[in-house]
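Colleague: Could you pick one part of this model and go through it closely? Please give the cut-off behind each term as you use it.

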Amino acid sequence: MVTIKPFGKLADGTEVDLIAIQNSSGSTLEVTNYGACVTSIKLKMADGSIRDVVLGYDTPAEYEADKDTYFGATIGRIANRINACDDTGKPGFILNGKTYYLADTSGNGASLHGGVIGFDQKVFDYTTGDDYVEFKYTSPDGEENYPGNLTLTVRMTFGGDNALKIEYDAVSDKDTICNPTNHCYFNLAGHDSGINLKHKVCIDSDQINELLQNIVTGKISDVAGTAYDFNEPHEIGERIEDSHYQLVDSKGYDCNYILKPNPTKEIRQVAWAESPTGDVRLNVLTDAEGIQLYTGNFLDGRKGKGGAIYNFRNAVCLETQILPNAINMPHFPTSSVIKAGEHFNSTTIYAFDVK
Ligand code: GAL
């Protein structure tokens, strides 16, 4: 059952909505058309209580004021960081012989999550069905200096099985690049429960992208024998203080796992996370080839829903995507280029198992 109510106003007076999808299990997904953003996932627990497992805010104004967490938002056109494509050191890419420079949003030669005003800050049009909402945003040619009028459609379905299915479709009138993701911050013990480090995580991957100051170098590292190996489940906190230079640089986990080859683009389970007591499990299924594990290392005590304080490492993000900076890494398996008129499609499912 879908219900729609006003969520509030943005700074320019635009009204945005809060759309709730209640499923037959008594759980509710709430989303807003500001940033096609997941504001809550309220799970009905076995004892009848309700547990909201994603971080967020109570008003659109708070989402608008926050320029760096991307709580729950749809990220576009390009998730993650794009770095320099030539010796200017400016972030950008070369497509069909033309160089497109992008905003240096990190201050160290990288453009993060779509630029200064990414899709997380756009108002999407939407339609709804019995158990879904379908968002649509057309990014004009040249927005954030990306070529082509690009239309991104994001359908979020929340069925009785407590699975949030996110389907992306993108098409442009000129060749361009696109790599959308969703940026939910999960805390399966409850968004306001604080410490996240006792969550167990498992990721079906043997390799990560090597990083220097959060920017992919293009080298691929094996996880075997390192604190990045989650092939067997580990608590997030177990090895987070390890001396691996990437963990030290990123102040925790913040890196992209290369998933097992998937030539037929099957939607397969690639990761799971479990609350400290094991009462909620999140299974992540996707056809994407990469997943960013990010443990909220930039969280700094901000005030969220109902006055909850979100501190350092209080959540886990599992962001599915094409490998970061793929446009500048021709040896990566999948390119983020979409040709004029061709559709990019990808599906990710966040399936919750409540015990
Ligand atoms: C993540 C990224 C982090 C950080 C975060 C937003 O996707 O990996 O480095 O930028 O978004 O605060």
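Modeller: Gly-218 lies in strand β19, where a strand is a DSSP run of E at least two residues long, numbered from the N terminus. The model is a predicted one, so I should state its limits: local features need pLDDT of at least 70, side-chain atom pairs count only at pLDDT 80 or more, and totals for chains, interfaces and linings use all residues. Residues are numbered from 1 along each chain as its sequence is written, and side-chain values use heavy atoms, with hydrogens and water left out.

Gly-218 has a relative accessible area of 9% and is therefore buried (buried is under 20%, exposed over 50%, partly exposed in between, with a 1.4 Å probe and protein chains only). Setting aside residues up to four places away in sequence, Gly-218 touches Met-329, His-331 and Phe-332; contact here means heavy atoms within 4.5 Å. Phe-298 is 80 residues from Gly-218 in sequence, and their C-alpha atoms are 24 Å apart.

The strand β19 belongs to an open sheet of five strands, ordered β19-β18-β21-β24-β27 and paired antiparallel. Two strands pair if DSSP finds at least two bridges between them. At the edges are β19 (215-222) and β27 (317-321), each with a partner on one side only. From one strand to the next the twist averages 30°, taken between lines fitted to C-alpha atoms, with angles from 0 to 180 degrees between N-to-C directions.

At the β19 edge, five bridges pair this strand with β18 (residues 207-212) in the antiparallel sense. Gln-207 stands opposite Asp-222 there. Ile-215 and Val-216 are among the contacts of Asn-83, a residue of the loop between β7 (81-82) and β8 (92-95). Asn-83 counts as buried because its relative accessibility is 13%. Its side chain makes a polar contact of 2.6 Å with the side chain of Asn-325. A polar contact is a pair of N or O atoms within 3.5 Å; within protein, one must be able to donate a hydrogen and the other to accept it, and residues adjacent in sequence count only if both atoms are side-chain atoms.

At the other edge, β27 is joined to β24 (residues 290-294) by five bridges, again antiparallel, with Tyr-294 opposite Cys-317. In a regular strand the side chains alternate between the two faces of the sheet. In β27, Cys-317, Glu-319 and Gln-321 point one way, Leu-318 and Thr-320 the other, and all are buried.

Glu-319 also leads to the ligand: with Asp-68, His-113, His-183 and Asp-254, it is one of those that come nearest among the 13 residues around the ligand (near means a heavy atom within 4 Å). A polar side-chain atom of Glu-319 is 2.7 Å from a ligand oxygen. The corresponding distance to a ligand oxygen is 3.1 Å for Gln-292 and 2.5 Å for Asp-254. Taken alone the ligand exposes 310 Å², of which the protein buries 98%, by the Shrake-Rupley method with a 1.4 Å probe.

The loop between β26 (309-310) and β27 holds Arg-313, which is buried because its relative accessibility is 7%. Its side chain reaches the backbone oxygen of Lys-251 at 2.9 Å. Neighbours within four places in sequence aside, the contacts of Arg-313 include Asn-196, Glu-241, Thr-295 and Leu-299.

How values were computed:
Helix = DSSP H or I, 4+ residues; strand = E, 2+ residues; numbered from the N terminus.
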